[in-house]
Amino acid sequence: MSRLTNKDVAAQLRLIGDILQIKGENRFRVLAFHNAAESIENLGQDIYAIHRVGALTEIPGVGKSIAEDIAQLLDAGRIEFLEQLKQEVPLGVVEMMKVPGVGPKKAARLWRELGVTDIESLKAAAEAQKLRGLKGFGAKTEEKILKGIELLQSRKEERIPLAAARPAALEVVAALRAILPKTTLVQIEPAGSVRRWKETIGDLDILAASPDPDAVTQAFRSLDLVTEVLWSGRTKSRVRLINGLECDLRVVEPRHWGAALQYFTGSKEHGVAMRELALKQGWSLNEYGLTATGQGDAAVGEQRFFEREEDVYHFLGLDWIPPELRENRGEIEAAQAHRLPRLITQADLQGELHGHSDWSDGRLSIEAMAEAARKRGYRYWLLSDHSAGLGMVGGLDAARVREQAEIVRRLNQRWAEQGVDFRLLHGIEVEIMADGRLGLPDEILAELDVVVASIHSSLRQDRETITTRCLKALENPHVDILGHPTGRLLGQRPPTELDVEVVLQACAAYGVVVEINANPARLDLNDVHARRAVELGCKIAISTDAHSAEDLDLMPYGVATARRAWLTPDDVINTRPLEEMLTLLRNRR
DNA sequence: GCCGTTTTCGGCCCGACTGTTTTCAGTCG
């Protein structure tokens, strides 16, 4: 039996919830399965490890019953309850819920009343205009479903990388600011997962505050960036942008701004937890503000509005929670106890510890890259070109490394003479070869300031092989940093099978620093794993892995990932002054 | 099915928009 990931387990539980939903089961029972699935996906630890110590019920949202289902799945490869459910409802009917506008109720009726069992037969039925015969279904619903199927089948990736979505959201914001006067457009900001800096984005959410919502909605609908208005109401509308992204705009009155921004930033799970917390204090929380339920001290119906978001949190007894933390992973409890971490910021960084020149696959000379780093305010930058042992790009052999050393020495000498406070560190991104040996001999590695070790090839090795390979590399005392540990490329290449938990434990034990690769296509480690790494005692380096000067500007994505992982400046070594940072590396043994 | 500053029962977040319903259910986020 192949090993399951947390995501696989979550998918099975979610499927149970979906089938129950189609069967019309109690919605809270459905919710329980969906909540448990969400919770397992957000877990920093491998679910097998939790199961091994019998701690499944300690996972939030997992009780006795769901714990038994998970145990069955991990031990026997199948959940008996799910197998029964699959006998009752065809999987194609569950799939039908992916079509926009088709939920559990419609899917169930299409199946029972028309005999439609999957998306293909749904399409055929809609084309034959059979849907409009059903009570509650009309011609518009039929068209909407056909269009939805087309959209679904044309779309390859459901979510796009933040680096593509964020500029698009900012562009919409800038375009509206350019058209509307400040008196009409009092506030406007991207909300949703863009504001939380989530690594991938489903659609864009933008929030505006205005005394004249119609004017803002009108301007939004007629932007040049908009190709299609999907629907549009009094305060809320959805369009498709020229880049294919869907974008929602919500307009509220200025006095509602604080509550609305809290509401539309999400995540859904954070929002639900916040509204539950408010209820306990006798207030119902929505996007407009708080309304007293009569269960607390305030009189029923009493309302509170907030022009600033922080005041919503403060009113409920919480410190303001940075958007990056809003995933219901303990941030509300921490804010209540006034124990939120002092999150790292870009300004805390003093240098970078992973980058390339034209000696391997970078675009610029060593000097140009170093100057680009210096211009961005860094005090040090690590030149770490690829080593030999990596077939696809011209990796450096021992002789070339020594040639580089001379160039680095001369550049540093020149800056020193000019009184420039900048140091070019000489390192390598040494290849961890398929058998775990490194791409350069130890005596060369010993001559370098910092060694980053990474995997770029034989990415499809099985879990045990690639984990053992990585552990072997970590044992080498010259390895300082483990680069982009899982090798994933968002939307292009899945992570390797690497047992991240075991590797992080080894990094903690050996004192190897773990990288958060800031390139938005990588973000590797991701937020959940980075948080786990620090829990296990690892230190982190955040680096862009720059191959050009512009790549250096990708750092905000790495910082955001670190913030989503709850990291403080203390957890990250490149917040330290040069000598202190180097001492940390050298003292690891 | 889960959970506990209403703790082993009785709750479980909230509202906008659409389509087709003449008063609201379904979907979505």
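Start by selecting Ser-267, which sits in the loop between helix 13 (257-265) and helix 14 (268-280). You are looking at a predicted model, so take each stop as a feature of that prediction. Zoom in on the bond between Gly-266 and Ser-267: it is a cis peptide bond, with omega at about -5 degrees.

For another cis peptide bond, jump to Asp-524 and Leu-525, where omega is about 5 degrees. Leu-525 belongs to the loop between strand 16 (513-517) and helix 22 (527-535).

**Two positive phi angles**

Stay with the backbone and select Ser-458. Its phi is near 45 degrees, a positive value in a residue that is not glycine. You will find Ser-458 in the loop between strand 14 (450-454) and helix 20 (463-475). Is Ser-458 buried or exposed? Neither label fits: with 36% relative accessibility, Ser-458 counts as partly exposed.

Next, pick Asp-545. Here too phi is positive, at about 60 degrees, although the residue is not a glycine. Asp-545 lies in the loop between strand 17 (540-543) and helix 23 (555-564). Its relative accessibility is 6%, so Asp-545 counts as buried; the cut-off for buried is under 20%.

**The nonpolar cores**

Now show the side chains of Leu-424, Ile-428 and Ile-542. These are the residues with the most contacts inside the largest nonpolar core, which has 61 residues. Apart from that core lies another, of 53 residues; to locate it, select Val-9, Leu-15, Ile-16 and Leu-82, which are among its members.

**Helix 1 against helix 4**

Keep Val-9 in view and colour helix 1 (residues 6-22) and helix 4 (residues 64-76). Their axes come within 11 Å and cross at roughly 125 degrees. The angle therefore makes helix 1 oblique to helix 4. The crossing of helix 1 and helix 4 is right-handed. Which residues make the contact? On helix 1, select Val-9, Gln-12 and Leu-13; on helix 4, select Ile-66, Ile-70, Leu-73 and Leu-74. Sorted by class, this contact of helix 1 with helix 4 has six nonpolar residues, one polar residue and no charged ones.

While you are in this part of the chain, click on Ala-55, in the loop between helix 3 (47-52) and helix 4. Ala-55 is buried, with a relative accessible area of 13%. Try a distance label from Ala-55 to Ala-67: the two are 12 residues apart in sequence, and their C-alpha atoms are 9.0 Å apart.

**Phe-137 and its neighbours**

Move on to Phe-137, in the loop between helix 8 (119-127) and helix 9 (139-154). Phe-137 counts as buried, at 7% relative accessibility. Leaving aside residues up to four places away in sequence, Phe-137 touches Lys-106, Arg-109, Leu-110, Leu-131, Arg-132 and Ile-145. Label the C-alpha atoms of Phe-137 and Lys-106: they are separated by 9.0 Å, while the residues are 31 apart along the chain.

**Thr-217 in helix 12**

From there, go to Thr-217, which is part of helix 12 (residues 213-221). How buried is Thr-217? Its relative accessible area is 4%, which counts as buried. To see what surrounds the residue, select Ser-232, Gly-233, Arg-234, Ser-237 and Val-251; Thr-217 touches them, not counting residues up to four places away in sequence. Add Arg-250 to the view as well: Thr-217 and Arg-250 are 33 residues apart in sequence, with 8.3 Å from C-alpha to C-alpha.

**Last stop: helix 17 and helix 18**

Finish by colouring helix 17 (residues 366-375) and helix 18 (residues 398-417), whose axes come within 11 Å and cross at roughly 45 degrees. At that angle, helix 17 is oblique to helix 18. Helix 17 passes helix 18 in a right-handed crossing. Show side chains for Ile-366, Glu-367, Ala-370, Glu-371 and Arg-374 on helix 17, then for Gln-404, Ile-407, Leu-411, Arg-414 and Trp-415 on helix 18; together they make the contact. What classes do the residues of this contact divide into? Five are nonpolar, one is polar and four are charged.

Technical notes
Residues are numbered from 1 along each chain as its sequence is written. Chains are lettered from A and ligands numbered from 1 in the order in which they are written. This is a predicted model: local features need pLDDT of at least 70, side-chain atom pairs count only at pLDDT 80 or more; totals for chains, interfaces and linings use all residues. Side-chain values use heavy atoms; hydrogens and water are left out. Axes are lines fitted to C-alpha atoms, for helices over the stretch in contact, and angles run from 0 to 180 degrees between N-to-C directions. Helices (H or I, at least four residues) and strands (E, at least two) are DSSP runs, numbered from the N terminus. Angles under 35 degrees count as roughly parallel, over 145 as roughly antiparallel, 65 to 115 as roughly perpendicular and the rest as oblique. A crossing is left-handed if the near helix is turned anticlockwise from the far one by less than a right angle, and right-handed if clockwise. Contact means heavy atoms within 4.5 Å. Ala, Val, Leu, Ile, Met, Phe, Trp, Tyr, Cys and Pro count as nonpolar, Asp, Glu, Lys and Arg as charged, and the others, Gly among them, as polar. A nonpolar core is a set of buried Ala, Val, Leu, Ile, Met, Phe, Trp, Tyr and Cys residues joined through side-chain atoms within 4.5 Å. Buried means under 20% relative accessible area, exposed over 50%, partly exposed in between (1.4 Å probe, protein chains only).
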